[in-house]
Amino acid sequence: MQVLSRQIYMDTGQSIPRLFMTAQQLSEYEGMTPARYRQIFREISTWINDGRYPETSMSDSKPQSINYYVYRDYMANRSKLRNRNLRKTVKPFNPAEIAAICPMVREVVVMGD
């Protein structure tokens, strides 16, 4: 196999997600205000306390950062988790499933035979 091309995301001008991101980094990546992300962080911290997400999902240091897979899972299920009756239908958190959809890719490698 021969590598035909290798392109770094930064060269294409796209921002890349990191495994742990602060509210400011999420704001630059997705476009909402940092205050909105801090509100989402507070909501996620209640779910960490309830046991849906692991304790290591959010950093204790300032500025606070969150695991990107936890953030993606919460945003996908937010409306159901906020509804007391629909909460029962939400599947448990599975980071491997989210990684298959939204991998942390730093390089795009095109391979040829």
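Start with the lining of the largest pocket: by class, six nonpolar, three polar and six charged residues. Keep in mind as you click around that this is a predicted model.

**Stop 1: the largest pocket**

The space in here comes to about 250 Å³. To find the middle, select Asp73, Ala76, Asn77, Glu97 and Ile98, the closest to the pocket's centre among its 15 lining residues. Now colour α4 and α5 (95–101), the elements that each give two or more residues to this lining. Which of the elements gives the largest share? That is α4, with five residues.

While you're here, click on Glu97, which sits in helix α5. Is Glu97 buried, exposed or partly exposed? With a relative accessible area of 40%, Glu97 is partly exposed. Draw a distance from its C-alpha to that of Tyr69 and you should get 9.5 Å, for a pair 28 residues apart along the chain.

**Stop 2: just past α5**

Go on to Cys102, in the loop between α5 and β4 (107–112). Cys102 has 18% relative accessibility, so it counts as buried, the cut-off being under 20%. Show what surrounds this cysteine: setting aside neighbours within four places in sequence, Cys102 is in contact with Tyr68, Tyr69 and Arg72. Take Arg72 as one to check. Its C-alpha lies 8.7 Å from that of Cys102, although the two are 30 residues apart along the chain.

**Stop 3: where α3 meets α4**

Next, select residues 34–50 for helix α3 and residues 68–82 for helix α4. Their axes are 11 Å apart, and the helices pack at an angle of about 75°. That angle is why α3 counts as roughly perpendicular to α4.

Turn on side chains to see who takes part. From α3, pick Arg36, Tyr37, Ile40, Glu43, Ile44 and Trp47. Facing them from α4 are Val70, Tyr71, Tyr74, Met75, Arg78, Leu81 and Arg82. Colour this contact by class and you'll find nine nonpolar residues, four charged and no polar.

**Stop 4: the second largest pocket**

Stay with α3 and look for the second largest pocket, with a volume of about 150 Å³. Select its lining: Thr22, Ala23, Gln24, Pro34, Arg38, Phe41, Arg42, Lys62, Pro63 and Gln64. Two or more of these residues come from α2 (23–30), and two or more from α3. The largest share, four residues, belongs to α3. What is the mix of classes here? Four of the lining residues are nonpolar, three are polar and three are charged.

Zoom in on Lys62 and Pro63, since there is something to see in the backbone. Most peptide bonds are trans. The bond that joins Lys62 and Pro63 is cis, with omega at about -5°. Pro63 itself belongs to the loop between α3 and β3 (65–67).

**Stop 5: a serine in α2**

Now pick Ser27 in helix α2. Is this serine buried or exposed? Ser27 counts as buried because its relative accessibility is 14%, and the limit is under 20%. Leaving out neighbours within four places in sequence, you'll see Ser27 in contact with Met32, Thr33, Pro34 and Tyr37. Two of those should ring a bell: Pro34 is in the lining of the second largest pocket, and Tyr37 is part of the contact of α3 with α4.

**Stop 6: out on the loop**

Return to the loop between α3 and β3, this time for Glu55. Glu55 has 60% relative accessibility, so it counts as exposed, which takes over 50%. For a reference point, select Ser45 as well. The C-alpha atoms of Glu55 and Ser45 are 9.0 Å apart, with their positions ten residues apart in sequence.

**Last stop: the whole chain**

Zoom out and switch to cartoon. The chain has five helices and four strands, and from the N terminus on you can trace them as β-α-β-α-α-β-α-α-β. Switch to a surface view to think about burial: of the 113 residues, 33% count as buried. Finally, consider the contacts with a separation of 6 or more. Residues 24 or more positions apart account for 62% of them.

Technical notes:
Residues numbered from 1 in each chain as written. Predicted model: local features only at pLDDT ≥ 70, side-chain atom pairs only at ≥ 80, totals over all residues. Heavy atoms only, no water. Axes fitted to C-alpha atoms, helices over the stretch in contact; angles between N-to-C directions. Parallel < 35°, antiparallel > 145°, perpendicular 65-115°, else oblique. Contact = heavy atoms within 4.5 Å. Nonpolar A, V, L, I, M, F, W, Y, C, P; charged D, E, K, R; others polar. 1 Å grid on protein atoms, 1.4 Å probe; cavity = no way out; pocket = protein on both sides within 12 Å on 5 of 7 lines; lining within 4 Å. Points joined across faces, edges and corners; volume = space filled by probe spheres on them. Buried < 20%, exposed > 50% of the residue type's maximum accessible area, 1.4 Å probe, protein only.
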